[in-house]
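Here are my notes for a first look. Please read them with the model open beside you.

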Amino acid sequence: MEQRATASLWEWANPVKFLRLSGWLLPWVSWGAAICLAVGLVWGFFFTPDDFRQGSTVKIIYLHVPAALMAINIWIMMLVTSLIWVIRRHHVSALAAKAAAPVGVVMTAIALVTGALWGQPMWGTWWAWDPRLTSFLILFLFYLGYVALWEAIENPDTAADLTAILCLVGSVFALLSRYAVLFWNQGLHQGASLSLDAEENVHDVFYIPLLVCIAGFVLLFVALLLLRTRTEIRARRIKALQARERAA
């Protein structure tokens with residue numbers, strides 16, 4: 001039974017089946033992302049009160065926290081799909097990692113910019129070499145290097161192999177970005193806004209719209225991932241056809 005379920009899972013690595021499934025999912029995920037983002041951002045920015053300490057700047061949380069979470073988790077998703085490529089040699093997984101990287105770049109940039117806007121009135125500076133901030137900046141540079149490496153290498157299989165190694169190394173900084181506050185007690189950055197420990201979460205008036213925004217960011221990423229992976233598969237097919245025509 002387990003073997004049959006595993007075999008069924010790997011069937012979706014077939015490009016034709018992936019295109020069929022993703023084509024069916026894409027409209028639903030896109031509409032879900034649009035609804036969650038619209039509801040969450042409007043609710044958060046216009047219908048939640050100012051914080052008694054941070055004032056209206058606390059509302060940056062509805063962009064900063066979801067973007068930061070996605071930046072870290074997108075890299076972890078890229079690591080998983082890269083390892084699948086290395087172990088199983090499924091091209092869809094490698095193309096999914098490639099497709100996710102530019103989205104991760106944007107999410108990391110949003111997190112860095114909104115973090116600076118949020119931190120300046122709180123800390124009195126736009127930037128501090130805080131452990132979490134520094135590791136997050138390094139993660140952003142790894143994202144840029146990952147995208148550049150794909151573009152620099154003509155052979156797609158070689159590019160997938162090398163970017164998988166880069167992804168493995170960069171995962172150290174993805175984890176540091178998430179847990180740096182726990183590893184080092186010093187630093188300006190606050191603890192996690194979301195936690196399994198209910199006492200560490202933000203108040204419900206901010207927490208519930210924040211969860212809606214996070215859901216919107218997750219669905220937006222899934223929609224962009226499906227769309228970009230479909231594009232990468234088709235681009236790979238076009239290159240293969242062009243190569244055959246030149247050979248003929």
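1. Start at proline 156. Leaving out residues up to four places away in sequence, proline 156 touches Trp150 and Arg236. This is a predicted model, so please read each point below as a statement about a prediction.

2. Proline 156 sits in helix 6. Is proline 156 buried or partly exposed? Its relative accessible area is 35%, so proline 156 is partly exposed; the buried class needs a value under 20%.

3. Look next at leucine 95. Along the chain, proline 156 and leucine 95 are 61 residues apart. Their C-alpha atoms are separated by 9.2 Å.

4. Proline 156 also belongs to a pocket lining. The second largest pocket is lined by 18 residues. Those nearest its centre are Glu154, Asn155, Pro156, Arg236 and Lys239. Four elements give two or more residues to this lining: helix 4 (91-123), helix 5 (131-152), helix 6 (156-183) and helix 7 (204-247). The volume of the second largest pocket is about 530 Å³.

5. Which helix gives the largest share of that lining? Helix 7 does, with 8 residues. By class, the lining of the second largest pocket holds 9 charged, 7 nonpolar and 2 polar residues.

6. Stay on helix 7 and find glutamate 232, which is part of that helix. Its relative accessibility is 16%, so glutamate 232 counts as buried. The cut-off for buried is under 20%.

7. What does the side chain of glutamate 232 pair with? A polar contact of 3.3 Å links the side chain of glutamate 232 to that of lysine 98. Setting aside neighbours within four places in sequence, glutamate 232 is in contact with Leu95, Lys98 and Ala99. Leu95 was met above, as the residue whose C-alpha atom is 9.2 Å from that of proline 156.

8. Arginine 237 is also found in helix 7. Arginine 237 has a relative accessibility of 39%, and therefore counts as partly exposed. Its contacts, apart from neighbours within four places in sequence, are Pro15, Val16 and Leu19.

9. Now turn to helix 3, residues 61-88. Does its length fit the expected span, and what are the two values? At 1.5 Å a residue, the 28 residues of helix 3 should span 40 Å. The C-alpha atoms at its ends are 39 Å apart, which agrees.

10. Check arginine 89, just after helix 3. Arginine 89 lies in the loop between helix 3 and helix 4. Its phi is near 60°, a positive value in a residue other than glycine. At 38% relative accessibility, arginine 89 counts as partly exposed.

11. Last, the whole chain. The protein has 7 helices and 0 strands. From the N terminus on, its elements run α-α-α-α-α-α-α. Of its 248 residues, 40% count as buried. Among contacts with a separation of 6 or more, 76% are between residues 24 or more positions apart.

Definitions and conventions:
Residues are numbered from 1 along each chain as its sequence is written. This is a predicted model: local features need pLDDT of at least 70, side-chain atom pairs count only at pLDDT 80 or more; totals for chains, interfaces and linings use all residues. Side-chain values use heavy atoms; hydrogens and water are left out. On a 1 Å grid over the protein atoms alone, a cavity is a set of points where a 1.4 Å probe fits but cannot get out, and a pocket is an open set with protein on both sides within 12 Å along at least five of seven lines; lining residues have an atom within 4 Å of a point. Grid points are joined across faces, edges and corners, and a volume is the space filled by probe spheres set on the points. Ala, Val, Leu, Ile, Met, Phe, Trp, Tyr, Cys and Pro count as nonpolar, Asp, Glu, Lys and Arg as charged, and the others, Gly among them, as polar. The expected span of a helix is 1.5 Å times one less than its number of residues. Buried means under 20% relative accessible area, exposed over 50%, partly exposed in between (1.4 Å probe, protein chains only). A polar contact is a pair of N or O atoms within 3.5 Å; within protein, one must be able to donate a hydrogen and the other to accept it, and residues adjacent in sequence count only if both atoms are side-chain atoms. Contact means heavy atoms within 4.5 Å.
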